[in-house]
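Colleague: I would be grateful for a close look at a single part of this model, with its surroundings described in order.

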Amino acid sequence: MTPMPSAGTPSPRVEKITVMQALNRAMRDAMTQDENVHILGEDVGTLGGVFRVTDGLTKEFGERCFDTPLAESGIMGFAIGMAMGGLRPIVEMQFDAFAYPAFEQIASHVAKVRNRTKGQVSLPMVIRIPYGGGIGGVEHHCDSSESYYTHTPGLTVVAPSNPADAYHLLRAAIASPDPVIVMEPKRLYWSKAEVDLSRPRPGIGKAAIVRDGTDATIVTYGQSVPVALEAAEVAKREGRDLQVVDLRTLVPFDDATVMSAVASTGRVVVVAEAQGFSSFASEVAARVGERCFHSLAAPVRRVTGFDIPYPPPKLEKHHLPTVDRILDAVDSLQWEDQ
Amino acid sequence: MTPRTPRAKATSASAQPSYDTESATLLPTATPIQLVDAEGNPSTAETGNLPLPDDAALVRAHELMVMGRRFNDQAGALVRQGRLAVYPSSHGQEACQVAAAMVLGDQDWLFPTYRDTVAAVSMGVDPVQILLLLAGDWHAGYDPYEFRCAPTATPLATQLVHAAGLAYAAKVKGEDKVVVAMCGDGATSEGDFHEALNFAAVFKCPVIFLIQNNEFAISVPLSRQTAAPSLAAKGVGYGMPGKRVDGNDVAALLAVMGEAADRARRGDGPTLIEAHTYRMQAHTNADDATRYRTAEEVEPWVARDPITRSEAHLRSRGLLDDAAVADLKQRAEEMAAEMRLGIGKDRDLDPAELFEHVFAKPTPQLLEQRAQLLDELAREEATK
């Protein structure tokens, strides 16, 4: 038997890895440490997933990373039973919109079993969902579906935007006693960063100020974070100093970090790809309005997708939040020099 | 381009017979398996070559059915008294309820539906606890791990997939565990029924799927659920044996279920069992069965009652006498009295508890909301 690496000993060195590799590493490390961690989904086995996020895991762990029949509700329900039976299943939904057949299992059971059993049954399971557009994908492959889940009590929802968070949030999700939905930023799967995975990161429920700024705050998450950071770079050249908050976790929401950030600038733009109406971005805007009204110099603005079905590849650039659209929103924040 | 050479006939011919042989072994019997007929005599119908269960099991099954019938009747009465919001009765289906629980050992699990409270009680769940949800509480009432009994599922067929998953977990952990997953004929139309059977068969999970075909899904008859020759016939489509059994013959149910449990324990995978029974009462107290079926339709099923049949059988074999019947009646009355007492009393529900088990640790937002509610209640109290 090969000796198992002791708990929490990832290689203590800086390396350049992609979000996808970070997610893969998180699962590999968790599976090495805990034999109860199993992965199930469509094409997650020999193929390594359509995005290759589970690449090599079946080779290393055999049937602990396994292909299922092609049925998302079945996968989700099966994972519920696995978790009740003492395992820690990680479910991969192949694409955002392909998770909809599993919605009944998620909304009626995954989210409610702990409450229904007065805390006696917990479901330590992870639901990984590659979400969002900007990849030239066809219909049903580009939805930002996070608001369905954040609207459902009982679900923890995280949305990493970079390799380090992808690794640590997924590890935290696997370790959580509650079901956690990981909204994986599909467009950023291949984006690289230099990271030292041995360095701890803030856990689930903590937002991060990823860029300091004094003039206005952009609150965003997931694959909109790099867009917001780029907008902040451009704004800097134009003479405005933008702060960027990466929410990292949507539920539970880090009111404290967001409200203190907003209070420090007095101007807010919330950025997310999802359709804006009745969305998570709207929740953020409402919370800021309720809690920070007296710190605000202007109404909270949202930059989101339009309220249309996700458009085809040739038109998606018009739908997604862009640097220009974010800067236009920033410009509209009732500046005193205007 | 030359046309492709057809595959040599010998190949397909040699492959075909084994396939046919296999599917034939998976098909159910033409008529339901029956060991004891409606009069309590040894059946002359299809027995599936199964022996009669041992005497102790038959006596135990009878006791549980009598208790189950009393439970059903008492729960119905509690609805009429306004003590339960609703009760879907398994009156007439007690043989299925009891057999589902009896074939399970100390490590085994049951996944019941809302109509399977008698099965849960037969697993040892407290008759008051199982009714707490219907009595207006916010939780399922009992600890699923204590009784190895999942919370009764309301969304149809969803629990069948959980059952398959739990059985899979047991299998990969090397635990000796068999799972009985229950559903009705209506639930066989749900997608999750298909997905559960398919997953269980593909992964050879130790599960028994027990369909209580009581001929109605609220008002909709079986003919609107399926055009299949029988529900058990669906088993072959998943590669698992399908069995038809007289759902009002507890002896046959114990034998067929027991055979399926043995098969699951051997590692040979799941079995689909269709128990032919009848929903003697309306869907729930809120339903009016006269709108979709006549008394004449129900009438023949009265004579097929599972408890009358069992009592006649046991008496004819000297396994039950007047004293035992009286004793059993007494025990059933004691349980009913406990139910009246437990459900009849007003319980104080703590509104603050609504926030406690949504997550392992309440979120800051839930703590805020709980504080808001408690503040409202305190102010309300102060103005009284």
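Modeller: What follows is an account of one strand in chain A, its neighbours, and then one residue in chain B.

This is a predicted model, in which local features need pLDDT of at least 70, side-chain atom pairs count only at pLDDT 80 or more, and totals for chains, interfaces and linings use all residues. Residues are numbered from 1 along each chain as its sequence is written, chains are lettered from A and ligands numbered from 1 in the order in which they are written, and side-chain values use heavy atoms, with hydrogens and water left out.

Strand β5 of chain A spans residues 126–131; strands (E, at least two residues) and helices (H or I, at least four) are DSSP runs, numbered from the N terminus. Because six of its six residues are buried, β5(A) is largely enclosed by the rest of the structure. Buried denotes under 20% relative accessible area, exposed over 50%, and partly exposed the range in between (1.4 Å probe, protein chains only). A:Val126, A:Arg128 and A:Pro130 point one way from β5(A), while A:Ile127, A:Ile129 and A:Tyr131 point the other way.

Pairing requires that DSSP find at least two bridges between two strands. Strand β4 of chain A (residues 88–92) pairs with β5(A) in the parallel sense over three bridges, and A:Val91 stands opposite A:Ile127. Strand β7 of chain A (residues 180–185) also runs parallel to β5(A), joined by six bridges, and there A:Ile181 is the bridge partner of A:Ile127.

In chain B, B:Phe111 lies in strand β1 (residues 109–111) and counts as buried, at 1% relative accessibility.
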